[in-house]
Amino acid sequence: MVSAYTGSQVRAAERPLLDRGEGAALMARAAHGLALAVLRELERTGAVYGRRVAGVVGKGNNGGDALFALAEIARRGVRTTAVLTGGTAHPDGLAAFTAAGGRVTEELEPADVVIDAVLGTGFAGEFRPPLPRPAATVVACDLPSGVDADTGTAGAAVWRADVTVTFGALKTGLLVGRGRELSGTVEVVDIGLGPHLPEPDVRSLDDAAAAALLPRPRDDWQKYSRGVLGLVAGSPDFPGAAVLSAAGALATGVGMVRIVAPDEVRNLVLAAHPEVVGSLEPRGRVQAWAVGPGIADDGGQRRALGVALGSGLPTVVDASGLEALGEFLAADPRSRGSAAEPRLGEVLARIAEEGTVAGEHLVLTPHAGELESLLANFNSASDAPSRDSIESQPLHWAREAARRIGVTVLLKGPATVCAAPDGTAYVQGSGHPYLATAGSGDTLTGILGALLATGTHAGGHGSARPVELAALAACIHQRAGRLAAKGGPYGAGELAQAVREAVALFAA
Ligand SMILES: NC(=O)C1=CN([C@@H]2O[C@H](COP(=O)(O)OP(=O)(O)OC[C@H]3O[C@@H](n4cnc5c(N)ncnc54)[C@H](O)[C@@H]3O)[C@@H](O)[C@H]2O)[C@@H](O)CC1
Ligand SMILES: Nc1ncnc2c1ncn2[C@@H]1O[C@H](COP(=O)(O)OP(=O)(O)O)[C@@H](O)[C@H]1O
Ligand SMILES: [K+]
């Protein structure tokens with residue numbers, strides 16, 4: 001499991017050590033880690049001796065780290081220079097730097113590696129880098145200067161780092177939003193904060209954590225106890241979404257998929273997956289529901305959404321299912337609970353009136369545009385965010401949506417954020433841009449549906465929280481996206497095979 005912390009959490013963890021007079025030792029450890037990373041970059045591209053490293057150094061401790069690192073690098077026969085952006089610099093760092101032969105320059109001198117050390121966790125407000133980004137390899141000290149350590153937001157001109165060496169703990173801002181795009185390869189240097197760190201702000205499943213959440217095949221499995229997924233997907237105009245989500249579920253592993261869909265959609269699904277059973281209306285027991293891919297405004301499918309929402313079972317709502325939810329929330333209250341959609345009406349009226357729903361077992365899987373509509377409709381929120389602000393602060397808005405609506409939210413994007421109503425959050429950010437293809441989200445809905453069906457009841461593999469299974473679904477989907485990309489671009493129809501491979505890798 002990877003844990004990440006806000007800038008203030010890391011600063012608070014440093015506090016007791018600083019109070020004990022260990023500030024210089026912390027800085028020495030940070031600087032040493034930074035120096036090793038820079039030397040590695042030099043070694044990767046030739047010899048170390050005689051090369052050039054420059055620092056762009058601010059007046060705070062972030063600049064101090066870089067000056068001590070430059071001193072260590074200089075002792076390896078590297079020509080080191082530093083531009084001091086604040087006029088002054090960390091006094092001990094500057095003394096060590098000049099004693100080791102480093103030179104302070106007015107302009108940034110040409111270099112093989114440039115250390116970005118203008119600002120670290122002390123950054124607040126607005127920031128424009130004092131110089132344009134040089135063509136050299138850039139190593140960011142703690143975080144790219146101008147990236148907000150808590151949110152990952154950053155101004156337009158903030159430098160993109162090739163490598164970010166971050167101290168004490170991974171910062172949340174390096175996992176999400178622009179911070180993720182700008183930080184390159186991230187390396188965490190242990191400076192001894194471990195015992196002082198609180199519960200992490202966010203987590204990310206690594207391979208081991210994903211494997212631990214996956215069901216292990218058990219001798220006592222039978223198809224019903226393993227978990228049955230009820231899938232409400234597809235409509236005459238969008239039959240393919242049903243095929244893709246069924247494929248995602250089957251490739252993840254589930255006792256049975258029961259599809260609810262119009263005849264022509266069921267026929268198509270059965271032609272592709274004869275093992276799926278189906279009906280026009282919800283029928284038979286299931287352990288979880290996945291609702292929404294391709295259902296458009298089909299009346300029957302919307303009624304089925306109501307059945308799923310009213311069941312109290314773990315339920316993933318995606319795509320047109322979210323639209324149905326949003327439209328209803330925006331509708332005249334008197335039309336809620338209309339005879340046409342009684343169950344849906346009843347459940348949604350409760351959402352709207354109580355400002356909450358039955359809880360975290362309901363997982364909404366919007367992309368930024370869908371979340372914008374949902375939040376705009378929910379309780380007619382006047383402070384609803386734009387799509388742009390959701391994209392620049394995905395963690396904040398996924399959490400906010402989860403809290404306001406009282407559900408689990410999986411917010412899709414290059415990094416996918418999963419948040420529970422209590423603020424627990426996971427970020428999974430190692431997919432592949434080829435995943436941005438129509439129907440890719442339908443596959444994800446199937447994966448998550450299968451995990452909810454098998455993973456949240458005693459007959460399955462324990463009692464994982466929906467937010468954990470949402471993160472696991474994103475993790476499997478992303479791994480599948482990367483595996484499939486080895487063969488070049490693909491359509492979502494080809495993803496399911498890679499989903500099986502990804503599950504097999506985690507289960508190995
Ligand atoms: N406290 C310590 O002893 C340690 C600190 N560490 C380093 O120290 C960094 C934090 O150091 P500081 O607290 O000195 O802060 P920074 O070095 O990040 O920033 C320096 C100062 O810049 C100013 N500033 C803030 N926002 C600005 C803006 N938008 N434009 C221009 N100036 C702005 C502030 O006055 C701030 O204190 C960490 O990122 C890390 O690199 C590490 O060395 C570990 C130990
Ligand atoms: N640039 C990207 N890099 C990695 N993954 C991406 C990127 N863009 C989108 N994705 C992923 O692709 C999927 C697209 O889902 P969605 O937008 O619902 O598509 P659809 O509705 O067509 O199925 C999501 O899981 C999302 O996280
Ligand atoms: K920095």
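A residue counts as buried when its relative accessible area is under 20%. Let's put that cut-off to work in this predicted model, starting with one glutamine and then moving on to a ligand site.

**Gln301**

Gln301 belongs to helix 10, which spans residues 299-311. Is Gln301 buried or exposed? Its relative accessibility is 1%, so Gln301 counts as buried. The side chain of Gln301 also has a polar partner: one of its polar atoms lies 3.0 Å from the backbone oxygen of Val260.

**The surroundings of ligand 2**

Now for the ligand. Ligand 2 sits in the largest pocket, with 17 residues around it. Which of these come nearest? They are Lys412, Gly413, Leu435, Gly439 and Gly441. Sorted by class, the shell consists of 9 polar, 6 nonpolar and 2 charged residues. Helix 16 (residues 440-455) provides the largest share of this shell, with 4 residues.

Here are some polar atoms of the protein that pair with oxygen atoms of ligand 2:

| Residue | Protein atom | Distance to an oxygen atom of ligand 2 |
|---|---|---|
| Lys412 | polar side-chain atom | 2.7 Å |
| Gly439 | backbone N or O atom | 2.9 Å |
| Ser440 | polar backbone atom | 3.3 Å |

How much of the accessible area of ligand 2 does the protein cover? On its own, ligand 2 has 580 Å² of accessible area, and the protein covers 77% of that.

Lys412 and Gly439 thus appear twice in this picture: both are among the residues that come nearest to ligand 2, Lys412 contributes a polar side-chain atom at 2.7 Å, and Gly439 a backbone atom at 2.9 Å.

Methods:
Residues are numbered from 1 along each chain as its sequence is written. Chains are lettered from A and ligands numbered from 1 in the order in which they are written. This is a predicted model: local features need pLDDT of at least 70, side-chain atom pairs count only at pLDDT 80 or more; totals for chains, interfaces and linings use all residues. Side-chain values use heavy atoms; hydrogens and water are left out. A residue is near a molecule or strand if one of its heavy atoms lies within 4 Å of it. A polar contact is a pair of N or O atoms within 3.5 Å; within protein, one must be able to donate a hydrogen and the other to accept it, and residues adjacent in sequence count only if both atoms are side-chain atoms. Accessible areas come from the Shrake-Rupley method with a 1.4 Å probe; for residues, only the protein chains shown count as cover. On a 1 Å grid over the protein atoms alone, a cavity is a set of points where a 1.4 Å probe fits but cannot get out, and a pocket is an open set with protein on both sides within 12 Å along at least five of seven lines; lining residues have an atom within 4 Å of a point. A molecule sits in a cavity or pocket if more than half of its atoms lie within 2 Å of its grid points. Helices (H or I, at least four residues) and strands (E, at least two) are DSSP runs, numbered from the N terminus. Ala, Val, Leu, Ile, Met, Phe, Trp, Tyr, Cys and Pro count as nonpolar, Asp, Glu, Lys and Arg as charged, and the others, Gly among them, as polar. Buried means under 20% relative accessible area, exposed over 50%, partly exposed in between (1.4 Å probe, protein chains only).
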